[in-house]
Every structure is written in structure tokens, then in C-alpha cells.
Amino acid sequence: MKYRVAFSLALLTLASFTAQAKYDGEDRGKPVMPSTVNAKFVQECAGCHMAFPPGLLPAASWTKMMAGLDKHFDVDASVTPAEATEITNFLVKNASNRWTATTAPLRITDSVWFKTKHSSREVAPAVWKRASIKSASNCMACHTGADKGDFNEHNIKIPK
Ligand code: HEC
Ligand code: HEC
């Protein structure tokens, strides 16, 4: 009996180790806001939604996004060329450095690491559709300190 318990435990450990190893090989966001935040970025990128911490996407995503602001998710979010250069530099400098995948998604919410962190075990599919949440992009609905780069699990409050 004792032997069987030990064996199951070993299997469990092995299973979680394998899952971890697989996850480490994939792209990952760096969910923190840099200590110095560019003022133009706040001015131009926090009007329609919160200022997304730059570490949530790799540099290639930001370069691509900043080159197409006139057609930004069906809205026009254009800035002047000088502002675009300044904001792009800030985003690229603080982009995720833990991104190994060659993908450059325009949505944080489309990335593998986002989906892994928000599996149906963590957030049931019906929850995303609540009027208080509306969109997975609405980080602030659940992560109360998201605009400050705080995604700590102790500060998550899923709204009714
Ligand atoms: C005029 C309004 C507007 C402005 C200004 C704006 N955005 Fe957006 N942004 C949107 C909309 C609308 C979406 C899609 C939101 C959704 O699907 O719920 C979006 C989505 C995003 C997403 C994807 C979020 C996700 O789903 O993972 C990122 C990243 C983003 N914006 C970055 C920026 C940056 C950087 C700037 C500044 C250069 C900016 N936005 C300025 C309206 C705006
Ligand atoms: C419906 C509520 C909800 C929304 C909206 C949401 N999240 Fe989450 N998020 C969660 C839950 C629940 C977890 C899992 C916490 C845990 O592991 O215990 C989580 C985990 C995370 C983690 C991992 C935290 C850690 O310590 O491991 C990050 C990073 C994160 N979310 C970022 C985001 C970003 C960025 C957005 C917006 C683009 C977002 N989330 C939108 C509910 C949400």
C-alpha cells in the first residue's frame, strides 16, 4: 500500500514536471510595467483602454502594431510620425525578452502564454461573456492593478 502511494506521487510529479518543461519552451509575457513609463505612450495609448505593459508582447508585435495604427482593431489610433518613433522605441525597449516563438501576435490575448494562464480551468468560458468583462482584453475587469503592471493572483477579483 505504502509503495502504491509513493508510486502515484512520483507519477504526479513527473506529469507536472513535463507540463512545466513544455510551457518553458514557449513564448511568455513579462507582466510588469517598467519603472520609467514614456509620457507619449500614456497620452496616446491609454485613452481607449488601459496602457498595456510593453512586456506583454515581443518587440516584433509592437513594431507591427505601431506601423498600422490607422487600422488598429477597426479604429483609427494614428499618431504623428515623431510620436510613433518615440512610442515604438519605448515599447521595443521594454518588450518581452522571454519570447521564443517566432509569432508576432497583435493581441496579447491571442498568445499561447495568455491562453495557458487563462485556461478554462482558471476562467470558465461563460465568464468571459459577462457584461462586466465583455472582452478578454479588458484586463482591469479582473486584475485590479493591471494598469500598474500588477497581475499578482492575490489581486484578481472576477466580477459578477
Ligand atoms: C481610438 C481608440 C484606441 C487607441 C487610441 C488605442 N487603441 Fe489599442 N485597441 C483599441 C481597440 C478598440 C482594441 C480592441 C479591444 C477589444 O477587442 O476588446 C485595442 C486593442 C489593443 C491591443 C490588443 C489587446 C488584446 O486583445 O490583447 C493592444 C496591445 C493595443 N490595443 C495597444 C495599443 C497601443 C500601443 C496604442 C497606442 C499607440 C493603442 N492601443 C491605442 C482602441 C484603441
Ligand atoms: C475574467 C477575468 C480575467 C481577465 C479579463 C484577465 N485575466 Fe489574467 N488571470 C485571470 C485568472 C483567474 C488568472 C489565474 C490566476 C492563477 O493562476 O491563480 C489570471 C492569470 C494571469 C496572469 C498570470 C499571473 C501569475 O502570477 O501567474 C497574467 C500575467 C495575466 N493573467 C494577464 C492578463 C492580461 C494581460 C489580461 C488582459 C489582456 C488579463 N490577464 C485578463 C483572470 C483574468
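**Entry 1: the iron of ligand 1**

I started at His49, which counts as partly exposed, at 33% relative accessibility. A reminder to myself before going on: this is a predicted model. The partner I looked up next, His72, is buried, and its relative accessible area is 13%. I read that value against the cut-off for buried, which is under 20%.

What does the protein offer to the iron atom of ligand 1 as donors? I found the NE2 atoms of His49 and His72, lying 2.0 Å from the iron. Around this iron atom there are 6 donor atoms, and because their angles run from 88 to 179°, I noted the arrangement as octahedral. For six octahedral donors the ideal angles are 90 or 180 degrees.

I then checked where the two histidines sit in the chain. His49 is in the loop between H2 and H3, while His72 is in the loop between H3 and helix H4 (81-93), so the pair ties together parts that are 23 residues apart in sequence.

**Entry 2: the shell of ligand 1**

Next I listed the surroundings of ligand 1. There are 20 residues around it, and Cys45, Cys48, His49, His72 and Ser137 come nearest. I sorted the shell by type and got 12 nonpolar, 5 polar and 3 charged residues.

Which helix gives the largest share of this shell? That is H3, with 3 residues. Helix H2 (39-45) and helix H3 (59-66) each supply at least two residues.

I also looked for polar contacts to oxygen atoms of ligand 1. A polar side-chain atom of Ser137 lies 2.6 Å from one such oxygen. For Ser135, a polar side-chain atom is 2.7 Å from an oxygen atom of the ligand. The side chain of Arg107 has an N or O atom 2.8 Å from an oxygen of ligand 1.

**Entry 3: the two cysteines beside ligand 1**

Cys45 and Cys48 are both among the residues that come nearest to ligand 1, so I compared how open they are. Cys45 counts as buried, at 18% relative accessibility. Cys48 is exposed, with 76% relative accessible area. I searched the whole structure for disulfides and found 0.

**Entry 4: the iron of ligand 2**

I moved on to the second iron. Which residues coordinate the iron atom of ligand 2? They are His118 and His143, each through NE2, at 1.9 Å. This site also has 6 donor atoms, with angles of 87 to 179°, and is octahedral.

His118 lies in the loop between helix H5 (112-117) and helix H6 (125-128), and His143 in the segment after H6, so this pair ties together parts that are 25 residues apart in sequence. Are these two histidines buried or exposed? Both His118 and His143 are buried.

**Entry 5: the shell of ligand 2**

I counted 21 residues surrounding ligand 2, and the closest are Lys117, His118, Cys139, Cys142 and His143. By type, the shell divides into 13 nonpolar, 5 polar and 3 charged residues. H5 gives the largest share, 3 residues.

The polar contacts came next. A polar side-chain atom of Lys117 is 3.1 Å from an oxygen atom of ligand 2. The side chain of His118 places an N or O atom 2.7 Å from a nitrogen atom of the ligand. For His143, a polar side-chain atom lies 2.8 Å from a nitrogen atom of ligand 2.

**Entry 6: the protein as a whole**

I stepped back to the overall make-up. The secondary structure comes to 6 helices and 0 strands, and along the sequence the pattern reads α-α-α-α-α-α. The protein has 160 residues, of which 34% count as buried.

**Entry 7: two residues I looked up on the side**

Ser96 was worth a page. It lies in the loop between H4 and H5 and is buried, with a relative accessible area of 9%. What does its side chain reach? The side chain of Ser96 reaches the backbone oxygen of Arg28 at 2.5 Å. It also reaches the backbone nitrogen of Arg98, at 3.1 Å.

My last stop was Ile156, in the segment after H6. Ile156 is partly exposed, and its relative accessible area is 36%. I checked its C-alpha atom against that of Ala141, 15 residues apart along the chain, and got a separation of 8.9 Å.

Conventions:
Residues are numbered from 1 along each chain as its sequence is written. Chains are lettered from A and ligands numbered from 1 in the order in which they are written. This is a predicted model: local features need pLDDT of at least 70, side-chain atom pairs count only at pLDDT 80 or more; totals for chains, interfaces and linings use all residues. Side-chain values use heavy atoms; hydrogens and water are left out. Donors are N, O and S atoms within 2.8 Å of the metal (3.2 Å for Na, K and Ca); water is not among the atoms, so sites may look incomplete. Four donors count as tetrahedral if all angles lie between 85 and 135 degrees; four count as square planar and six as octahedral if opposite donors are over 155 degrees apart and all others between 65 and 115; anything else is irregular. Helices (H or I, at least four residues) and strands (E, at least two) are DSSP runs, numbered from the N terminus. Buried means under 20% relative accessible area, exposed over 50%, partly exposed in between (1.4 Å probe, protein chains only). A residue is near a molecule or strand if one of its heavy atoms lies within 4 Å of it. A polar contact is a pair of N or O atoms within 3.5 Å; within protein, one must be able to donate a hydrogen and the other to accept it, and residues adjacent in sequence count only if both atoms are side-chain atoms. Ala, Val, Leu, Ile, Met, Phe, Trp, Tyr, Cys and Pro count as nonpolar, Asp, Glu, Lys and Arg as charged, and the others, Gly among them, as polar. A disulfide is a pair of cysteine sulfur atoms within 2.5 Å.
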